[in-house]
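Reader: I've got the model open and would like to go through it with you. Could you start with the terms and then take my questions?

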2 protein chains.
Amino acid sequence: MAREQVFNFSAGPSVLPLPVLERAKAELADYHGSGMSVMEMSHRSPLFQEIFDGAKAKLKAALSVPDTHEILFLQGGATLQFASIPMNLLEGGTADYAVTGNFSGKAAAEAQKYGTVHIAADTGATGHDRIPSQAELQLSRDAKYFYYCSNNTIYGTEWQYVPETAAPLVCDMSSDILSRPVDVSRYGLIYAGAQKNMAPAGLTVVILDRALLGRELPFTPEVMRYQTLVKHDSMLNTPPCWCIYMLGLMLDWVAEQGGVRGMEERKRERAAKLYDYLDDSGLFIAHARPGSRSDMNVTFRTGSAELDAAFVRGAAARGLLNVKGHRITGGMRASLYNAMPMEGVDALIAYMKEFEVQHHV
Amino acid sequence: MAREQVFNFSAGPSVLPLPVLERAKAELADYHGSGMSVMEMSHRSPLFQEIFDGAKAKLKAALSVPDTHEILFLQGGATLQFASIPMNLLEGGTADYAVTGNFSGKAAAEAQKYGTVHIAADTGATGHDRIPSQAELQLSRDAKYFYYCSNNTIYGTEWQYVPETAAPLVCDMSSDILSRPVDVSRYGLIYAGAQKNMAPAGLTVVILDRALLGRELPFTPEVMRYQTLVKHDSMLNTPPCWCIYMLGLMLDWVAEQGGVRGMEERKRERAAKLYDYLDDSGLFIAHARPGSRSDMNVTFRTGSAELDAAFVRGAAARGLLNVKGHRITGGMRASLYNAMPMEGVDALIAYMKEFEVQHHV
């Protein structure tokens with residue numbers, strides 16, 4: 001029985017490609033004739049090691065990760081990295097944080113437990129509706145690193161440039177990794193929770209320059225020490241095996257779709273269509289300013305909380321799921337991750353037009 | 001096509017019940033007609049909340065968790081708890097640790113970063129082949145907690161009693177949770193990595209007495225503070241949704257099999273059969289001493305590394321997978337978790353008998 005057609009605009013965990021789900025389903029109870037599910041495999045078995053190495057190799061290829069950098073498959077989400085990063089890299093010194101949304105704000109607050117945080121930029125005054133320019137960044141001398149979040153899921157803004165800093169760049173790419181090419185060599189550390197563009201929730205990918213290893217504060221938990229994790233190739237303890245397997249399937253799908261360049265082309269097309277409509281609309285208002293807009297999360301509202309709520313209800317009734325904005329911002333949010341087909345955007349715009357006709361005076 | 005019949009004796013991740021895998025497979029691409037996989041659901045959606053609440057309620061029922069205790073669904077494995085526990089409960093004071101194996105030893109070493117560790121017992125002198133008696137425990141005055149690991153996966157020993165201590169009991173039940181009834185009210189904190197008896201790797205369950213909340217060291221990461229996690233009902237950030245869903249399915253299966261009492265009956269039967277054979281064998285030697293033996297992990301050897309290797313190879317050829325012992329101990333290990341059918345034990349014993357006839361002089 002075919003499943004009901006819905007379009008899932010959730011900000012994460014979020015839509016996965018149907019072919020990926022179908023493959024996972026086919027292999028679920030018996031992986032490649034092994035008589036076992038991937039979920040039953042010892043993480044030390046050759047069969048799982050092959051899955052693990054495969055996912056790592058595919059990610060390395062997809063993002064052209066240079067040999068100077070290590071790839072780690074961890075647990076704990078971005079929130080654990082908020083602490084891991086300063087514990088491993090701050091050395092009790094100063095780090096620059098660009099606060100462009102909720103998660104970079106939380107990361108900055110957490111880092112204060114482990115050293116000095118210098119706010120290099122804060123776009124809170126205008127509701128985080130834009131990304132600061134390079135000229136606006138107030139960089140401190142001798143910062144241990146510069147921290148930013150490349151895409152702000154809640155506010156719908158995305159950095160369109162890579163900051164120029166003397167300090168190593170540390171970037172939270174949770175919500176736009178694999179959506180465009182990245183010059184990994186420019187970063188000291190990139191990390192991402194997997195649950196948007198990579199895999200189901202429960203996996204955190206860290207890509208870091210080996211030159212940054214070995215600076216942990218003494219009380220850093222063993223399983224948060226990058227050096228230890230690199231030494232054990234992410235298997236100091238049992239990794240989130242199923243999510244790593246799913247990442248491998250996702251990366252196969254990304255490769256089939258033309259890799260990150262293919263993803264970039266498609267995400268631009270999807271987002272441009274929706275922003276174009278929003279800018280023409282007499283009812284809906286886009287939150288993020290042009291030049292700062294995210295291709296992954298499009299935030300908008302009507303200006304009336306009642307109308308917003310009616311819109312969200314009506315959308316759900318049509319199978320356009322999870323378009324309600326984050327509780328911090330209100331309004332609406334359409335997340336257009338890699339796995340969102342253009343039909344989803346078309347269906348959303350069609351409904352918006354209909355809604356606008358009904359409610360616009 | 002039926003999958004090949006194998007018996008997976010892995011110490012973890014490990015065998016899951018086939019009916020659980022079949023159910024997960026059936027629902028994988030379309031959960032209850034929602035048009036979505038569980039892996040695609042927002043963790044804030046009512047549909048996922050239902051799955052989450054259901055798993056929690058089922059676990060509470062299965063272990064008769066009293067209302068004084070909270071249940072948390074976390075990430076990071078036991079290894080992260082090695083740090084979380086002293087960060088949250090040690091307050092820079094002293095804690096008693098019973099070292100009866102590899103993981104309790106690691107937990108004790110980690111805790112030293114956060115306060116004073118007093119070794120209340122250490123069975124290392126005899127290769128951790130036994131559990132200390134109550135009389136042997138050297139309890140320190142004013143300990144913040146007493147820590148032990150109820151089942152030692154690597155050595156194949158299991159505590160047959162609950163220690164009597166003035167300090168709150170903290171127990172790592174990673175490898176025997178849900179295999180027998182537990183009087184949760186006697187514990188300050190119980191935790192378990194899910195990948196043996198509960199769910200796929202990537203979920204850690206913590207059950208703790210609310211009376212112990214609010215004692216964190218100042219540098220404790222936000223996502224490791226039990227108080228914060230309780231406040232957010234494990235959703236400070238995105239939880240490992242798929243594993244929580246799988247835990248729910250596992251708990252349904254446990255309930256169908258007579259709950260933890262049913263599990264206990266069956267595990268005793270399985271282990272007794274194998275230990276009886278081992279004690280009669282002229283070739284194989286059980287590692288753990290009677291009275292300390294684990295029903296979950298049965299460790300044994302022939303006394304010859306060559307024969308051990310031949311045994312492991314021959315077992316694999318017969319579909320008896322992962323019977324190789326841990327690299328620390330060598331020899332063999334048969335893990336008989338909840339999902340291991342008696343047929344697996346019978347097949348293993350049949351092969352052991354055959355091997356013994358061939359190799360015993």
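Author: Sure, terms first: two strands pair if DSSP finds at least two bridges between them. Helices (H or I, at least four residues) and strands (E, at least two) are DSSP runs, numbered from the N terminus. This is a predicted model, in which local features need pLDDT of at least 70, side-chain atom pairs count only at pLDDT 80 or more, and totals for chains, interfaces and linings use all residues. Residues are numbered from 1 along each chain as its sequence is written, with chains lettered from A and ligands numbered from 1 in the order in which they are written.

Reader: Which are the edge strands of the open sheet in chain B?

Author: The sheet has 7 strands in the order β2-β10-β9-β8-β5-β3-β4 (chain B), with mixed pairing. An edge strand here pairs on one side only, and in chain B that goes for β2 (69–74) and β4 (116–122).

Reader: In β10(B), what is the bridge partner of Ala192(B)?

Author: Strands β9 (187–193) and β10 (204–209) of chain B run antiparallel and are joined by 5 bridges. In β10(B), Ala192(B) has as its bridge partner Val205(B).

Reader: Which element gives the most to the side of chain B that touches chain A?

Author: Contact means that the C-beta atoms of two residues, placed from the backbone, lie within 7 Å. By that count, 58 residues of chain B are in contact with 58 residues of chain A. On chain B's side, α1 (18–27), α3 and α6 (241–256) each supply at least two residues. The most, 5 residues, comes from α3(B).

Reader: Over in chain A, do the buried residues of α9(A) line one face or fall on opposite faces, and within what arc?

Author: Buried means 20 or more other C-beta atoms within 10 Å of a residue's own, exposed means 12 or fewer, and partly exposed is in between, with C-beta atoms placed from the backbone. The buried ones in α9(A) are Gly344(A), Val345(A), Leu348(A) and Met352(A). Seen down the axis of α9(A), they line one face, because they fall within an arc (taken from the directions from the helix axis to the C-beta atoms) of 95 degrees.

Reader: And which residues are exposed on the other side of α9(A)?

Author: The buried residues of α9(A) have cover that includes β1 (7–8), α7 (259–280), β13 (320–321) and β14 (332–335) of chain A. Exposed on the other side of the helix are Met342(A), Glu343(A), Glu354(A), Val357(A) and Gln358(A).
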